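Visitor: Please take me in for a close look at a single part of this protein, and then show me what else is worth seeing around the place. I'm new to this, so plain words would help.

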Amino acid sequence: PNSVVAESFRQANAQVMREMTAGGHVVLLVVGGLPGSGTTSVVANLGATDAAAGKRVLLIDANFRRPRLPEAIGVAEDGPGLGDLLCGEGTLEDVLVDVGDGLHLLHAGTPSSRVLERLNSPKLDSVLAELRPRYDVILIDAPPAVVAGEAMVLASKADAALLVVRANQEQRGLVARLVRQLSDMRCQLVGILLNRPRGTAGGYLKKNYAAMAEYAKST
């Protein structure tokens, strides 16, 4: 909690939640362009930050191809999940996992239930409608948009979207295209999060990180 990474997420989360509150949004889709952008880590850390602030938070793993959210937060991926709900099996009470301290998880579900096409069904709309009144913030971990078409499908169902860009990986043209695509969806693009900048970067970022680290030592 006193690390530079934790402080960076606190600052990023403050800006994201400001946009979410101003728009009256609850459901935030966190999506990257290419594999390895770090959306799962971003979802886990933003969720932990919101839960520490006393909010009711739900994390949804909607990456049916490579679900990683349970592992990231240290929860076993057992039993039914989102895929099972979309198949009409079980209820929310059957699938929601209480992680503790106001944080809940809805994992991807049993492997046989993870049918990609069901993410574009009215059933997902009804599931999100049922979840909205229960939570202050719902964070959805999406698959990378360049390699998985369902990412933009999910963007059409969320209230807002946060684009995660891994430093030195995505090209500017790709980022610009993703921004245009997300801007055309019903969700509001609340911002772009630059993830994993090089530790050797100079100038503004390096000075800020050094100041954060020094301040954390005396906290």
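Guide: Let's start with a term: a strand is a DSSP run of E with at least two residues, and strands are numbered from the N terminus. Keep in mind that this is a predicted model.

Our part is His 104, which sits in strand β4, residues 103-106. Leave aside residues up to four places away in sequence, and His 104 touches Val 57, Leu 58 and Leu 59, then Val 97, Asp 98 and Val 99, and also Tyr 135. Take that last partner: Tyr 135 is 31 residues apart from His 104 in sequence, yet their C-alpha atoms are 9.4 Å apart in space.

Now for the empty space. A search of the whole structure turns up one cavity of 30 Å³ or more, with a volume of about 40 Å³. Its lining includes Ile 60, Ala 62, Leu 82, Ile 140 and Leu 154. Helix α6, residues 122-131, gives the largest share of that lining, four residues. By class, the cavity lining has nine nonpolar residues, with no polar and no charged ones.

Compare the second largest pocket, at about 170 Å³. Pro 1, Phe 9, Arg 10 and Asn 45 are among the residues lining this pocket. Helices α1 (4-23) and α2 (39-52) each supply at least two lining residues, and α2 has the largest share with four. Here the lining is made up of five nonpolar residues, two polar and one charged.

Terms used: Residues are numbered from 1 along each chain as its sequence is written. This is a predicted model: local features need pLDDT of at least 70, side-chain atom pairs count only at pLDDT 80 or more; totals for chains, interfaces and linings use all residues. Side-chain values use heavy atoms; hydrogens and water are left out. On a 1 Å grid over the protein atoms alone, a cavity is a set of points where a 1.4 Å probe fits but cannot get out, and a pocket is an open set with protein on both sides within 12 Å along at least five of seven lines; lining residues have an atom within 4 Å of a point. Grid points are joined across faces, edges and corners, and a volume is the space filled by probe spheres set on the points. Ala, Val, Leu, Ile, Met, Phe, Trp, Tyr, Cys and Pro count as nonpolar, Asp, Glu, Lys and Arg as charged, and the others, Gly among them, as polar. Contact means heavy atoms within 4.5 Å.
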